[in-house]
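Please explain the terms applied to this structure, setting each value against its definition.

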Amino acid sequence: MCFLRYFYPLIVILVSTSIEKSGSSNVINMKKETDKMPVFVGPIPNVTMALGRDANIPCLVNELGAYRAAWIRVETKAILTIHQHVITRNYRISLSHSDNRNFILHIKDVKESDRGGYMCQINTVPMISQVGYLDVLDIIVDQSTSDIITREGTNVTLKCKAKGYPEPSISWRREDDEPIPLILGIGKKLISSSYEGESLNITRVTRVHMGAYLCIASNGVPPSVSRRVLLHVQFPPVLWVPNQLVGAHVGEIASLDCHSEAYPVSINFWKKTGSEVILSNKKFEVSSKEKSYKVHMRLSIRNLEKEDFGTYSCFAKNSLGSTQGSIRLYEIPVPTSISNHEAGNFKHMNGDFLKHQSRGSAKSSRGFGLEKDPPSVEATIENSAETRRSMTSLLTICFVIMNICVCTVI
């Protein structure tokens, strides 16, 4: 019986081949001396898969020809597939094939019972086969829920265990790749991007520890498997006001800013002294930007008027407490403009100044002994003619005197 059980897969393959090839009375007669024998293209890889995921195990064969490939479970000797047909009744197992050479065994939603060896067998004589192993990696998070909620200042322990072969190791890191600040002892602090070990102990947890942590299990057989744990740290609201005094002109837009931190998430709103809660309308615009436990609040006031100036307060409230911050909005006076009367006098003075510079005044002309009006062209010509006549008469007289002197000497 044991002998038959061991060779049962091969018998089934031979019978299947005999049925499909009508007219053939002996499977061995399929092989002729001139035929090429099938050969595996590389070994079947070992596959490590997380519990509940889908596993794919490939078998690649060249020169398969008229021979048939089959998948067999090693531990149970159960035939899973023959050539292009699924034999097992396990609905989670399927087969994909292409080019009569690539046969991929698919196992959906893997369970621990799927762990073991899987044989790809060819019905040659003698039979040839290869075996690949499926390892199912199971991660167990030692908390009732993946989300942990605690108060600021308490101690927290994140635990994670994994099963697999080989035995996997556990490491922790933050999903956002931020460093993990840890207190190892009195005066000893460690800031690291990752932590090795099943238990991650955080002493006096603060808001900076808040976020998603990844428990990563690895046993050297890819891929690694991870589990996500959320850590929420509760604390009452705190406020930070960057500018407590804001100045603006009438008619402008003023923006007031407040920054709050709180978990659970706080209720945030604005008030003006002696007024109700401010809501967005044509006059006011209330906006906020949230990032994790941080909120940036902004109040914008359009078209400022005299009555808009005063003290505004931002509020943050949650189940653990409340707080507020104040901002005083004051008016910046507009520079005083020059009156029309003064502007006219300034223009008149400028006109006189320019006239004095370009043409000269009557007073300055008299001071230099100049005439009020320049001489005409006719007067200038007449004066030139009289000068020529006087010069001619003077030369004539000089000439006569010189002649008289010459005659006397002779």
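The questions and answers below take up salt bridges, burial, strand pairing and a surface patch.

Q: How were the residues numbered, and what kind of model is this?
A: This is a predicted model, in which local features need pLDDT of at least 70 and side-chain atom pairs count only at pLDDT 80 or more, while totals for chains, interfaces and linings use all residues. Residues are numbered from 1 along each chain as its sequence is written, and side-chain values use heavy atoms, with hydrogens and water left out.

Q: Why is the contact between D177 and R173 called a salt bridge?
A: A salt bridge requires a side-chain nitrogen of Lys or Arg within 4 Å of a carboxyl oxygen of Asp or Glu. The N to O distance between D177 and R173 is 3.0 Å, so the pair meets the definition. By this rule the count comes to 13 salt bridges.

Q: What makes D177 exposed and R173 partly exposed?
A: Buried means under 20% relative accessible area, exposed over 50%, and partly exposed in between (1.4 Å probe, protein chains only). D177 has 57% and is therefore exposed, whereas R173 has 29% and is therefore partly exposed.

Q: Which salt bridge joins D308, and where do its two residues lie?
A: D308 pairs with K283 at 2.7 Å, N to O. D308 is in the loop between β24 (294-301) and β25 (310-318), and K283 is in the loop between β22 (267-272) and β23 (284-291), 25 residues apart. Strands here are DSSP runs (E, at least two residues), numbered from the N terminus. Both D308 and K283 are buried.

Q: How do you know that E285 and R302 form a salt bridge, and what does the pair tie together?
A: Their N to O distance is 3.4 Å, so the salt-bridge definition is met. E285 lies in strand β23 and R302 in the loop between β24 and β25, so the pair ties together parts that are 17 residues apart in sequence. E285, at 37%, is partly exposed, and R302, at 29%, is partly exposed as well.

Q: Why is strand β9 described as largely enclosed?
A: Seven of the seven residues of β9 (residues 116-122) are buried, so the strand is largely enclosed by the rest of the structure.

Q: What makes β4 and β9 a pair?
A: Two strands pair if DSSP finds at least two bridges between them. Five bridges join β4 (residues 69-73) to β9, so the two strands pair, and they run antiparallel. In this pairing, A69 stands opposite I122 in β9.

Technical notes. Helices (H or I, at least four residues) and strands (E, at least two) are DSSP runs, numbered from the N terminus.
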